[in-house]
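Colleague: Could you walk me through a few local features of this one? I would like the cut-offs as we go.

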Amino acid sequence: MSHLDNLAGEGLGAVLGDIARTLQAEPDVDTTLAAIVKTAVDHVTGAEHAGISLVERRRRIRTVAPTDPVVVTIDEVQYRAGQGPCLDAIAEHQVYRTGDLTNEGRWPAFTPAAVETGIRSMLSYRLFISETTLGALNLYATRVDAFSDQTEQDGRVFASHAAVALAGAQTEARLHLALERHDVIGMAKGILMTRHDLDPVQAFRLLVEATQVTRLKLHQVATWLVEHRHDLQPPPSPSD
């Protein structure tokens, strides 16, 4: 029986509310990820280690915020083999649990090497918002049958809160990045306007032309210009 299951009725609701507020209060993506895995190990009975398989661009998957090096080791086995509970949780949109990897037949290319890590039980949840899959929350234990049916059900609720917190942190990070890029482009335009007596449209057009020559993105060109503005020679004056 999980810690969450022990807190029935109002106690369970209170602890889930506390978890949700804790996760959503974290200031950035990395801190949110670390809070998710720590809270999972603290509140899900049987979980000794945790990590997140994060889906990135072009469906690349990498392990983030592992609570122990063994998490990275066993996840890399999954990625190389192309099969395992966390990959299935992401692809099949289901929860995957195994109680004894030594007797697990669902992932024959994964289990032999996984057993060598000492891990016996795994529990993997898809992290998602609407139809968008963010990754998988993975729990690990060295004990056989570490996770019960009730633990699996309780973990679903936790995974839902974790997904909301992670999605919120990612959205905020993207907004901050967009604002930073907007600011640096504005600074670069200002530099060009001052040095070359250009209007805003002309300065922006010059930045765009630089992207075509350098094959860099607009914010990269702008960042380079801002960082090297003191190294650039000013244009000659009309009297030169």
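**Surface charge and backbone**

Modeller: Arg57, Arg58, Arg181 and Lys217 together form a positive surface patch. Patches take residues with over 30% relative accessible area and no salt bridge (a side-chain nitrogen of Lys or Arg within 4 Å of a carboxyl oxygen of Asp or Glu), with like charges joined within 9 Å and nonpolar side chains (Val, Leu, Ile, Met, Phe, Trp, Tyr) within 5 Å. This is a predicted model, where local features need pLDDT of at least 70, side-chain atom pairs count only at pLDDT 80 or more, and totals for chains, interfaces and linings use all residues. Residues are numbered from 1 along each chain as its sequence is written, and side-chain values use heavy atoms, with hydrogens and water left out.

Colleague: Where is Arg181 placed?

Modeller: Arg181 belongs to helix α7 (residues 149-196), helices being DSSP runs of H or I with at least four residues and strands E runs of at least two, numbered from the N terminus.

Colleague: And is Arg181 buried, exposed or in between?

Modeller: Arg181 counts as partly exposed because its relative accessibility is 34%, where buried means under 20% relative accessible area, exposed over 50% and partly exposed in between (1.4 Å probe, protein chains only).

Colleague: Switching to the backbone, what is phi at Ala65?

Modeller: Ala65 has a positive phi, near 55 degrees, and sits in the loop between β2 (61-64) and α4 (69-81). Most residues other than glycine have a negative phi.

Colleague: What about Ser130, and where does it lie?

Modeller: Ser130 also has a positive phi near 55 degrees, in the loop between β4 (121-129) and β5 (132-141). Ser130 is exposed, since its relative accessible area is 58%.

Definitions and conventions. Areas by Shrake-Rupley, 256 points an atom, 1.4 Å probe, with all protein chains shown as cover. Lys, Arg positive; Asp, Glu negative; His and termini not counted. Charge placed at Lys NZ, Arg CZ, Asp CG, Glu CD.
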